[in-house]
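Open the model in your viewer and keep the selection panel at hand. Each stop below says what to select and what is there.

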Amino acid sequence: MPPPKIMPKTMKNAVKTNELFQSELVKIVDGFASKADCLEQMCSLLAQSDCLGSHQRFLDAVNGREDIMTTGIGKNVAIPHARDLSVSCLKAAVCLLREPLDFQSVDGLPVQLIFMIAIPQTAGKEYMKVLRAISEYLRDDAKRQALLNSKTSAELNHEVLKIQALVADSLDA
């Protein structure tokens, strides 16, 4: 297996918030067979963006994070994420599921909206700011419902891009 790509030395080199979300990483899917299948498929989606030096290493990191505590934050939303040396830049994949998935969420509800976030190991406090900004956006019922009600990937992408400015603002704070 080749070694992971060399990562940037600072978060500023790794984060371009206008590239956090890319339309090809925002999908509406019928569903996943299991939580493990979901994490694998979303990791594969992220790998298409060339932000992962090692797909398997990042997947292992995400699974390790899930072993500590579920990232199913409630209200039909999950935000699986990992900070790892194999990640070259901050990137998110988003899937809206037509068929809800049991994610062992904190509220016991299945998830329909999943944001998988790849975070460079060099990210210090910045990565917590990104997670907080996304979580706060999704806590708003109307904003979350707009995402959940998307009928096409283009509509979903339009809604997801609204989060980008909030994330940029949180990093500048």
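The tour starts with the whole chain, then moves through strands, helices, cores and a few single residues.

**Stop 1: the whole chain**

Keep in mind that this is a predicted model. Colour the protein chain by secondary structure: six helices and six strands should appear. Follow the chain along its sequence, and the pattern reads α-β-α-α-β-β-β-β-β-α-α-α. Of the 173 residues in the protein chain, 49% are buried. Now switch on the surface. The protein chain exposes about 8400 Å², and carbon and sulfur atoms supply 52% of that area. Contacts reach across the sequence as well. Of those between residues at least 6 apart in sequence, 75% join residues at least 24 apart.

**Stop 2: strands 1, 5 and 6**

Select strand 5 (91-101). Eight of its eleven residues are buried, so strand 5 is largely enclosed by the rest of the structure. Add strand 1 (21-29). Strand 1 and strand 5 run parallel and are joined by five bridges. To see a bridge pair, pick lysine 27 and its partner in strand 5, cysteine 95.

Next, add strand 6 (111-120). In which sense do strand 5 and strand 6 pair, parallel or antiparallel? They pair in the antiparallel sense, over seven bridges. Pick alanine 92 here; its bridge partner in strand 6 is isoleucine 117.

**Stop 3: helix 2**

Select residues 35-47, which form helix 2. Its 13 residues reach 18 Å from the first C-alpha to the last, close to the 18 Å expected at 1.5 Å a residue. Show the side chains of Lys35, Cys38, Leu39, Met42, Cys43, Leu45 and Leu46: these are buried. They cover an arc of only 155 degrees around the axis, which puts them on the same side of helix 2. An α-helix has 3.6 residues a turn, so residues three or four places apart point the same way. What covers the buried residues of helix 2? The cover includes strand 1, helix 3 (55-68), strand 5 and strand 6.

**Stop 4: helix 4**

Move to helix 4 (125-139). At 1.5 Å a residue its 15 residues should span 21 Å, and the end C-alpha atoms are indeed 21 Å apart. Display the buried residues of helix 4: Tyr127, Val130, Leu131, Ala133, Ile134, Ser135, Tyr137 and Leu138. Among the elements that cover them are strand 1, strand 3 (77-78), strand 4 (81-84), strand 6, helix 5 and helix 6.

Zoom in on tyrosine 127, which sits in helix 4. Tyrosine 127 has a relative accessible area of 18%; buried means under 20%, so this residue counts as buried. Not counting residues up to four places away in sequence, tyrosine 127 touches Arg83 and Ile119. Measure to alanine 82 as well. The two residues are 45 apart along the chain, and their C-alpha atoms are separated by 9.8 Å.

**Stop 5: the two cores**

Show the largest nonpolar core, which has 28 residues. Begin with those that have the most contacts inside it: Phe21, Leu113, Phe115, Ile134, Leu138, Leu147 and Leu156. Strand 1, strand 5, strand 6, helix 4, helix 5 (141-148) and helix 6 (153-172) each supply at least two residues of this core. Which helix gives the most to this core? Helix 4 does, with seven residues.

Select phenylalanine 21 and its surroundings. Leaving aside neighbours within four places in sequence, phenylalanine 21 is in contact with Ala92, Val94, Phe115, Ile134, Val160, Leu161, Ile163 and Gln164. A second, separate core has 26 residues, including Leu39, Leu46, Val87 and Ile114. In soluble globular proteins, nonpolar side chains tend to be buried together.

**Stop 6: single residues**

Pick aspartate 60 in helix 3. Aspartate 60 is partly exposed, with a relative accessible area of 44%. Aspartate 60 lies 21 residues from leucine 39 in sequence and 9.9 Å from it in space, C-alpha to C-alpha.

Finish in the loops. Lysine 75 is in the loop between strand 2 (72-74) and strand 3. Lysine 75 is not a glycine, yet it has a positive phi of about 55 degrees. Its relative accessible area is 39%, which is partly exposed. Glutamine 104 is in the loop between strand 5 and strand 6. Glutamine 104 also has a positive phi of about 55 degrees, although it is not a glycine. It is partly exposed, with a relative accessible area of 45%.

Technical notes:
Residues numbered from 1 in each chain as written. Predicted model: local features only at pLDDT ≥ 70, side-chain atom pairs only at ≥ 80, totals over all residues. Heavy atoms only, no water. Helix = DSSP H or I, 4+ residues; strand = E, 2+ residues; numbered from the N terminus. Expected span 1.5 Å × (residues − 1). Buried < 20%, exposed > 50% of the residue type's maximum accessible area, 1.4 Å probe, protein only. Arc of directions from axis to C-beta. Contact = heavy atoms within 4.5 Å. Core = buried A, V, L, I, M, F, W, Y, C linked by side-chain atoms within 4.5 Å. Areas by Shrake-Rupley, 256 points an atom, 1.4 Å probe, with all protein chains shown as cover. Pairing = 2+ DSSP bridges.
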